[in-house]
Amino acid sequence: MQQVSVKDPARFRRAATGIVWTGAGLAVAFAAAEISSVLGYRDSWWDYRTGLSILRFAGWGAVAATVVLLAGCISAGLARSRVLGVVGALGLAIGATGVAVPGYFCYTARNAPNIHDITTDTADPPRFHQMNEARMGPVENSLAYAPETAAEQKRGYPDIAPARLALPPQQAFDRALEVGRGMGWLIVSAVQHEGRIEATATTPLFGLKEDITVRVTPEDGGSRVDIRSCSRVGSGDFGTNAARVREFLAQIAARP
């Protein structure tokens, strides 16, 4: 059987070309599938569960494409082809991104509590008053607080607690409203004399809607600020509500 010499790169070029372009094509195809999983939900072609299923499938496809491209890059090196090396490297970047996005969702789904309603006061969570009328689009979850989520939240997010400010309630309310607007919330209701703010936030990737209510009350010569954030769909939320609550609390405490 004839031995193929590494010293003759031309003998590797045909194989390297096939491997690199196959891997690059797969990486692009699965990246397009991941993009379509998001756009399809945003344009109401399918529900978010279908979008997540497509994203998961495309993620595994991206893993396969990345493996093929690694072999392709090795082959391109043996073939001493700069062009194939560049194509392989670009394909690897696309494939790695295609692995990272669904990988992040899988990681957060495994590590975040399977709850979608987060509040700084699990004993007496802030209530929604006008949000029922403002909720549009897919809605699966009620705005009524489920007491059984309190234990899960305390296990998963023990650090979440009310903000206490050395400000009179009126000033604390104004600061909370300013922070909410700065975080990109759509303000539905802001009633200063009740110390109540209701708003909607949109997640950056799938554009899922999550509802927020803030309650400002007087406490010990200053103010106590509670917040509640909950998702309209899904039993879990990939940690997005807890992240929003933490960001709000950090910003309202840091403002001069």
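**Entry 1: Phe238**

I began with Phe238 and found this residue in the loop between E6 and H7. The model I am reading is predicted. I looked up the backbone angle next: phi of Phe238 is near 55°, a positive value in a residue other than glycine. I noted for comparison that most residues other than glycine have a negative phi. I then checked the cover over Phe238, and the residue is partly exposed, with a relative accessible area of 26%. That label applies because 26% falls between the 20% and 50% cut-offs.

**Entry 2: the largest pocket**

I met Phe238 again in the lining of the largest pocket, where Thr203, Glu210, Asp237, Phe238 and Thr240 lie nearest the centre. I recorded 34 lining residues and a volume of about 690 Å³. Which element gives the largest share of this lining? I found that H7 does, with four residues. H2, H3 (82-111), E4, E5 and H7 (240-254) each supply at least two residues.

**Entry 3: strand E4 and its neighbours**

Two of the elements on that list are strands E4 and E5, so I traced how E4 is paired, starting with E3.

I placed E3 at residues 186-191 and counted five bridges from E3 to E4, with the two strands antiparallel. One of the partner pairs I wrote down is Val191 with Arg196 of E4. Four residues separate E3 and E4 in their hairpin, and Gly195 in the turn has a positive phi of about 65°.

On the E5 side (residues 209-219), I found seven bridges to E4, again in the antiparallel sense. Here Glu198 has Thr213 of E5 as its bridge partner. The hairpin of E4 and E5 has six residues between the strands, and Gly207 takes a positive phi near 70°.

Is E4 mostly covered or mostly open? I found six of the seven residues of E4 (196-202) buried.

**Entry 4: Asp220**

I looked for another positive phi outside glycine and noted Asp220, with phi near 50°. Asp220 sits in the loop between E5 and E6 (222-231). Asp220 is exposed, with a relative accessible area of 80%, whereas Phe238 is partly exposed.

**Entry 5: a nonpolar surface patch**

I ended at H2 (residues 48-79), which holds Trp60. Trp60 is exposed, at 63% relative accessible area. I found that Trp60 forms a nonpolar surface patch with Val63 and Val67, and I noted about 330 Å² of accessible area for the three together.

Note on methods
Residues are numbered from 1 along each chain as its sequence is written. This is a predicted model: local features need pLDDT of at least 70, side-chain atom pairs count only at pLDDT 80 or more; totals for chains, interfaces and linings use all residues. Side-chain values use heavy atoms; hydrogens and water are left out. Buried means under 20% relative accessible area, exposed over 50%, partly exposed in between (1.4 Å probe, protein chains only). Two strands pair if DSSP finds at least two bridges between them. Patches are made of residues with over 30% relative accessible area and no salt bridge: like charges are joined within 9 Å, nonpolar side chains (Val, Leu, Ile, Met, Phe, Trp, Tyr) within 5 Å. Accessible areas come from the Shrake-Rupley method with a 1.4 Å probe; for residues, only the protein chains shown count as cover. A salt bridge is a side-chain nitrogen of Lys or Arg within 4 Å of a carboxyl oxygen of Asp or Glu. On a 1 Å grid over the protein atoms alone, a cavity is a set of points where a 1.4 Å probe fits but cannot get out, and a pocket is an open set with protein on both sides within 12 Å along at least five of seven lines; lining residues have an atom within 4 Å of a point. Grid points are joined across faces, edges and corners, and a volume is the space filled by probe spheres set on the points.
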